[in-house]
Amino acid sequence: LTEKLQNVFRNLRSKGRLTEDDVKEAMKEIKRALLAADVNFKVVKGFIKNVQERAIGQDVMNGLNPGQMVIKIVNEELIALMGSETTEIKLQPGSAITVIMMAGLQGAGKTTTTAKLAGKYKLKGKKPLLVACDVYRPAAIKQLQVNGEKQGVEVFSMGDSHRPADIARAALEHARKNGNNLVILDTAGRLHIDEDMMAELQEIKETVEVHQTILVIDAMTGQDAVNVAEEFNQKIGIDGVIVTKLDGDTRGGAALSVKAVTGKPILYVGMGEKLSDLEQFYPDRMASRILGMGDVLTLIEKAGAEIDEEKAKEMTRKMKKNQFDFDDFLESTKQMKKMGGLSGIMSMLPGMGAMGGLGGKKGMQLDDSQAEEAEKKMARMEAMIYSMTPAERRDPDLLNPSRKHRIAKGAGVDISEVNRMVKQFNEMKKMMKMIGKGGKKGKFRLPF
Ligand code: GDP
Ligand code: MG
């Protein structure tokens with residue numbers, strides 16, 4: 001998907017001015033790409049309509065060319081489509097027990113995800129109890145026990161001769177006695193949606209108070225995943241969705257459509273078979289991933305980065321007076337991260353090339369290993385700054401050899417690296433002073 005969209009955007013960008021026909025042509029391509037990626041048909045239709053209306057009606061923002069404007073709109077609409085915000089699983093307040101029921105088709109990843117969630121919440125200080133409500137396959141109970149043990153959380157099971165609803169009830173009693181405050185019911189799936197499965201889930205819901213019903217869907221099932229989500233939501237009501245197997249060769253369309261079709265947010269995404277492979281779902285990051293980081297970031301850069309206005313002014317003032325210090329530098333790295341990640345931005349900064357030894361061309365693209373290398377270099381720079389005293393951060397001139405030595409030790413780097421960083425910082429400062437003088441009021445451009 002990403003590759004196809006990038007082609008579309010490359011074409012758009014190469015144009016100076018866009019006609020309505022250009023936009024329509026681009027929309028056709030985007031539509032094709034989304035459909036090919038298994039995005040739900042109705043969702044695609046609505047999406048294209050929104051983008052097109054906005055793209056044609058809107059004034060082009062300052063600093064963007066029309067092609068970039070379209071990309072900006074596509075990005076915003078993609079994020080909106082996925083729900084804009086990160087959603088947490090709603091837990092009961094205080095020490096009250098939260099009951100989560102996992103639902104989904106067979107093989108979707110319920111049992112694995114149950115154990116993944118347990119690990120996450122254990123880290124957050126919860127005391128989970130996993131409940132084996134899949135009584136149709138003996139292997140399913142065993143699987144939950146094995147995974148629970150790996151995560152160091154308790155698993156409740158009553159074998160395979162009880163009704164799931166009764167197991168759930170008994171598990172809740174057990175939880176009350178044992179002080180478990182998070183009960184996760186791992187239920188049975190079927191190969192297809194059927195009445196028995198739904199009735200069983202209903203019965204559990206009628207027997208114990210389920211606070212959150214979480215649907216687990218397999219991203220690899222494409223269009224089907226969304227139909228499944230719609231049906232589960234209608235029949236038993238769901239509170240949120242976890243999309244699994246996004247690590248594989250999946251086209252990701254399911255993740256794009258779920259919110260639009262069911263109105264329910266994606267909570268987490270499964271990124272692998274390991275029990276640590278569960279990630280919070282960030283609509284904006286997903287959109288960036290779909291569009292390809294580079295495009296989105298070029299855009300941000302061109303639009304003159306929406307950075308916290310007050311801080312920007314302060315920085316500009318300091319730049320002009322040549323007072324930019326290491327604290328400001330840390331602040332600017334924070335702002336960069338806020339703008340969607342470091343490596344992509346770095347690839348557009350001429351100064352960074354020299355810092356990372358990555359070649360100093362402006363706008364060069366980093367491949368994955370280079371990006372990783374750049375992130376590491378950046379992290380080391382941050383570590384060095386954190387190893388400075390507040391006085392040193394405010395006044396880089398204080399840095400004599402013995403102080404540098406201490407900093408190198410504190411950050412776990414070689415002293416030559418500290419020297420290099422200080423030198424680069426000073427060069428940057430000089431450059432910023434020049435930029436600062438010519439800079440526009442209130443607008444902040446990255447100082448590199
Ligand atoms: P259930 O039938 O819904 O309980 O599904 P399982 O939890 O047993 O998972 C079915 C298969 O999918 C297992 O082999 C899991 O290891 C695998 N699986 C689950 N989640 C993920 C994921 O996020 N990525 C990958 N690659 N595999 C997953
Ligand atoms: Mg299972």
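**Exercise 1.** What percentage of the contacts in the protein chain with a separation of 6 or more is accounted for by residues 24 or more positions apart?

*Solution.* Keep in mind that you are working with a predicted model. Start with the secondary structure: the protein chain has 20 helices and eight strands. Next, take the contacts with a separation of 6 or more; 73% of them join residues 24 or more positions apart. To round off the overview, 40% of the 448 residues are buried.

**Exercise 2.** Describe the surroundings of ligand 1.

*Solution.* Begin with the count: 19 residues surround ligand 1, and Gly109, Lys110, Thr111, Thr112 and Gly270 are the closest. Then sort the shell by residue class, which gives three nonpolar, eleven polar and five charged residues. Finally, ask which element gives the largest share: helix H5 (residues 110-123) does, with three residues.

**Exercise 3.** Find the largest nonpolar core and follow one of its residues outward.

*Solution.* A helpful background idea is that nonpolar side chains tend to be buried together in soluble globular proteins. Here the largest nonpolar core holds 88 residues, and Val131, Leu185 and Val243 touch the most other members. At least three residues of this core come from each of domain 1 (2-84) and domain 2 (98-281).

Now pick Val243 and set aside its neighbours within four places in sequence: its contacts are Ile217, Ala219, Ala254, Ala255, Val258, Ile266, Val269 and Gly270. Gly270 also belongs to the closest residues around ligand 1.

Lastly, look apart from this core for another one, of eleven residues, including Phe326, Ile385, Met421 and Phe425.

Methods
Residues numbered from 1 in each chain as written. Chains lettered and ligands numbered in written order. Predicted model: local features only at pLDDT ≥ 70, side-chain atom pairs only at ≥ 80, totals over all residues. Helix = DSSP H or I, 4+ residues; strand = E, 2+ residues; numbered from the N terminus. Buried ≥ 20, exposed ≤ 12 C-beta atoms within 10 Å, placed from the backbone. Contact = placed C-beta atoms within 7 Å. Near = placed C-beta within 6 Å. Nonpolar A, V, L, I, M, F, W, Y, C, P; charged D, E, K, R; others polar. Core = buried A, V, L, I, M, F, W, Y, C linked by C-beta atoms within 7 Å. Domains from an automatic or database assignment.
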